[in-house]
Amino acid sequence: MATTILTTEDLYDFKMQLFGELKKLLTENPAATPKKYLKSAEVMEMLQVSPGTLQNLRINGTLPYTKIGGIILYEYDEILKVLKDNRVAS
């Protein structure tokens, strides 16, 4: 069985390769951007509201949504727009 001796320079080279690969993954990863559509549970968590409040926001037209079958989807950009449009200046 052969023995390999690692030097500090070898470890430094490994570290630089690893950082390079991580940087590449982070810049090319589309999952790092928010999803285009969110489910009700994700919107409730995002807005910190209860299921009833979310339903009221749908019913009174405050929060636009799309219903496909039994699944309700909310567009992420629309949620941000509603938050911006309803911002109260202090």
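1. A quick word on terms before the rest: a residue counts as exposed when its relative accessible area is over 50%. Pro51 has 57%, so Pro51 is exposed. This proline lies in helix 3. Its C-alpha sits 8.0 Å from that of Ser40, and the two residues are eleven apart in sequence.

2. Keep in mind that this is a predicted model. The protein chain averages a pLDDT of 89, and 93% of the residues score at least 70. Confidence is highest in helix 3 (residues 51-59), with a mean of 96, and lowest in helix 1 (residues 8-28), with a mean of 88.

3. Now the sheet. Three strands form an open sheet in the order 1-3-2, and the pairing is antiparallel. Strand 1 (37-39) and strand 2 (66-68) are at the edges with a single partner strand each, so each has one side without a neighbour in the sheet. On average, neighbouring strands here are turned by 40° against each other, direction ignored.

4. Looking at one of those pairings: strand 1 and strand 3 (residues 71-75) run antiparallel and are joined by three bridges. Leu38 stands opposite Tyr74 of strand 3. Helix 4 (residues 76-85) lies across strand 1 and strand 3, and runs at about 60° to strand 3.

5. What makes up the largest nonpolar core? Nine residues do: Leu38, Val43, Met44, Leu54, Leu63, Ile72, Tyr74, Ile79 and Val82. Helix 2 (40-47), strand 3 and helix 4 supply at least two residues each to this core. So the Leu38 and Tyr74 of point 4 turn up again here, both as members of the core.

6. Leu54 is worth clicking on. Leaving aside residues up to four places away in sequence, Leu54 touches Ser40, Val43, Met44, Val49, Leu63 and Tyr74. Ser40 is also the residue whose C-alpha is 8.0 Å from that of Pro51.

7. On aromatics, a search of the whole structure turns up one pair. The ring centres of Tyr65 and Tyr74 are 6.5 Å apart and the planes stand at 50°, so the pair is tilted. Are its two members buried or exposed? Tyr74 has a relative accessible area of 0% and is buried, whereas Tyr65 is partly exposed at 41%.

8. If you follow a single residue through the model, I would pick Tyr74. Tyr74 stands opposite Leu38, belongs to the largest nonpolar core, is touched by Leu54 and pairs its ring with that of Tyr65.

Conventions. Residues are numbered from 1 along each chain as its sequence is written. This is a predicted model: local features need pLDDT of at least 70, side-chain atom pairs count only at pLDDT 80 or more; totals for chains, interfaces and linings use all residues. Side-chain values use heavy atoms; hydrogens and water are left out. pLDDT is the predictor's confidence in each residue, from 0 to 100. Helices (H or I, at least four residues) and strands (E, at least two) are DSSP runs, numbered from the N terminus. Two strands pair if DSSP finds at least two bridges between them. Axes are lines fitted to C-alpha atoms, for helices over the stretch in contact, and angles run from 0 to 180 degrees between N-to-C directions. Contact means heavy atoms within 4.5 Å. A nonpolar core is a set of buried Ala, Val, Leu, Ile, Met, Phe, Trp, Tyr and Cys residues joined through side-chain atoms within 4.5 Å. Buried means under 20% relative accessible area, exposed over 50%, partly exposed in between (1.4 Å probe, protein chains only). Rings of Phe, Tyr and Trp (its six-membered ring) pair if their centres lie within 6.5 Å; planes under 30 degrees apart count as stacked, over 60 as edge-to-face and the rest as tilted.
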